[in-house]
Amino acid sequence: MLQPELEIFAAMLDSAAQNGIATSQITLQHPLSIDDAYEVQRRLVSKRVERTGRICGLKVGFTSKAKMIQMGVDQVIFGHLTSDMQIQNSGRMSVAQAIHPRIEPEIAFRLAEDVDYVLSPESALSTVDAIAPAMEIIDSRYKDFQFTLQDVIADNSSSSHFVLGDWRPATIDVSSLRMTLRIDEQPALTGYSHEISGHPINSLIDLSALAVQHGVVLKAGWIILAGAATEAVPIAGATKASCSVAGLGDVEVYVR
Ligand code: OOG
Ligand code: MG
């Protein structure tokens with residue numbers, strides 16, 4: 001597809017996010033390849049970076065069966081995290097500008113080094129210098145949270161905000177930790193970390209392959225969200241969300 005058209009889609013998604021008004025799916029009118037979709041995402045993120053923030057990491061999406069089934073897609077995707085998306089642990093997040101925000105229990109990695117190659121199961125963990133419990137707040141800019149894979153990639157994979165608990169040593173075994181998401185202190189969903197790509201580190205391996213394919217270099221210090229262990233839960237109307245990852249720690253956010 002022509003570059004000027006991709007730029008129009010990026011501008012459309014950017015204004016939907018800024019105004020908190022849902023827009024129509026691109027693919028209802030225009031066929032979009034996966035490469036086109038990542039190009040729209042790149043343009044959308046650079047508009048955001050020009051205004052505020054800097055790229056501070058990547059998130060991996062649809063790494064669990066629960067998420068794939070919830071959203072009707074079957075491939076792993078990535079999106080960009082910018083510094084203005086981060087909410088401090090126990091901090092307050094405004095949903096005034098959000099369209100239909102949802103929250104997800106996640107695990108985050110911090111990279112020790114640049115990665116510009118496809119990681120192997122043997123090498124992946126050595127590129128990580130810390131691990132933290134996390135929550136991602138997603139918000140689709142599309143009406144009714146409905147999209148195709150290409151639409152959601154273009155929309156920066158529904159990225160909105162994220163919150164991290166304390167960083168812990170990368171030597172902690174995160175293969176099968178119980179993850180409990182609470183909304184207003186009530187248990188909402190429970191999952192296990194192995195529901196994230198079989199093991200959260202596999203999300204990083206899959207991400208490294210996608211990044212090579214789409215010309216993105218993972219940078220030392222970047223935060224990598226490995227993907228939700230459970231379905232995402234709507235948070236409009238809630239005042240607090242928290243996630244406990246047994247053996248790793250807790251993370252919480254206040255919503256208003
Ligand atoms: C796309 C983002 C998916 C995850 O953790 O699987 C995601 C969406 O569901 O709108 O962040
Ligand atoms: Mg997520």
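R102 is buried (under 20% relative accessible area, where exposed means over 50% and partly exposed lies in between, with a 1.4 Å probe and protein chains only), since its relative accessible area is 18%. The structure is a predicted model, in which local features need pLDDT of at least 70 and side-chain atom pairs count only at pLDDT 80 or more, while totals for chains, interfaces and linings use all residues. Residues are numbered from 1 along each chain as its sequence is written, chains are lettered from A and ligands numbered from 1 in the order in which they are written, and side-chain values use heavy atoms, with hydrogens and water left out.

R102 belongs to strand β5; helices (H or I, at least four residues) and strands (E, at least two) are DSSP runs, numbered from the N terminus. The C-alpha atoms of R102 and E231 lie 9.4 Å apart in space, although 129 residues separate the two in sequence.

Strand β5 (102–111) also takes part in the surroundings of ligand 1: together with β1 (55–61), α3 (65–71) and β6 (128–138), each of these elements supplies at least two residues of the shell. Strand β1 provides the largest share, 3 residues. In total, 17 residues surround the ligand, the closest being F62, K67, E104, S158 and A228; a residue is near a molecule if one of its heavy atoms lies within 4 Å of it. Sorted by class, the shell contains 8 nonpolar, 4 polar and 5 charged residues. In this sorting, Ala, Val, Leu, Ile, Met, Phe, Trp, Tyr, Cys and Pro count as nonpolar, Asp, Glu, Lys and Arg as charged, and the others, Gly among them, as polar.

Several polar contacts (pairs of N or O atoms within 3.5 Å) link ligand 1 to the protein. An oxygen atom of the ligand lies 3.0 Å from an N or O atom in the side chain of K59. A polar backbone atom of F62 is 2.8 Å from a ligand oxygen atom, and for an N or O atom in the side chain of S158 the distance to an oxygen atom of the ligand is 2.6 Å. Of the 310 Å² of accessible area that ligand 1 has on its own, the protein covers 100%; accessible areas come from the Shrake-Rupley method with a 1.4 Å probe. The space taken by ligand 1 is the largest cavity, a cavity being a set of points, on a 1 Å grid over the protein atoms alone, where a 1.4 Å probe fits but cannot get out. A molecule sits in a cavity if more than half of its atoms lie within 2 Å of its grid points.

S158 also has a notable backbone: its phi is positive, about 60 degrees, although S158 is not a glycine. The residue is placed in the loop between α4 and β7 (159–164) and counts as buried because its relative accessibility is 3%. F145, likewise not a glycine, has a positive phi near 55 degrees. This residue lies in the loop between β6 and α4 (149–154), and F145 is buried at 4% relative accessibility.

S197 is located in the loop between β10 and α5 (200–213) and is buried, with a relative accessible area of 18%. Its C-alpha atom is separated by 8.9 Å from that of F62, 135 residues away along the chain. K65 lies 8.6 Å from S197, C-alpha to C-alpha, with their positions 132 residues apart in sequence. K65 is part of helix α3 and is exposed, as its relative accessible area is 63%. In strand β10 (residues 186–192), T190 is found; at 37% relative accessibility, T190 is partly exposed. T190 and P133 are 57 residues apart in sequence, and their C-alpha atoms are 14 Å apart in space.

Key. Polar contact = N/O pair within 3.5 Å; in protein donor to acceptor, adjacent residues only side chain to side chain. 1 Å grid on protein atoms, 1.4 Å probe; cavity = no way out; pocket = protein on both sides within 12 Å on 5 of 7 lines; lining within 4 Å.
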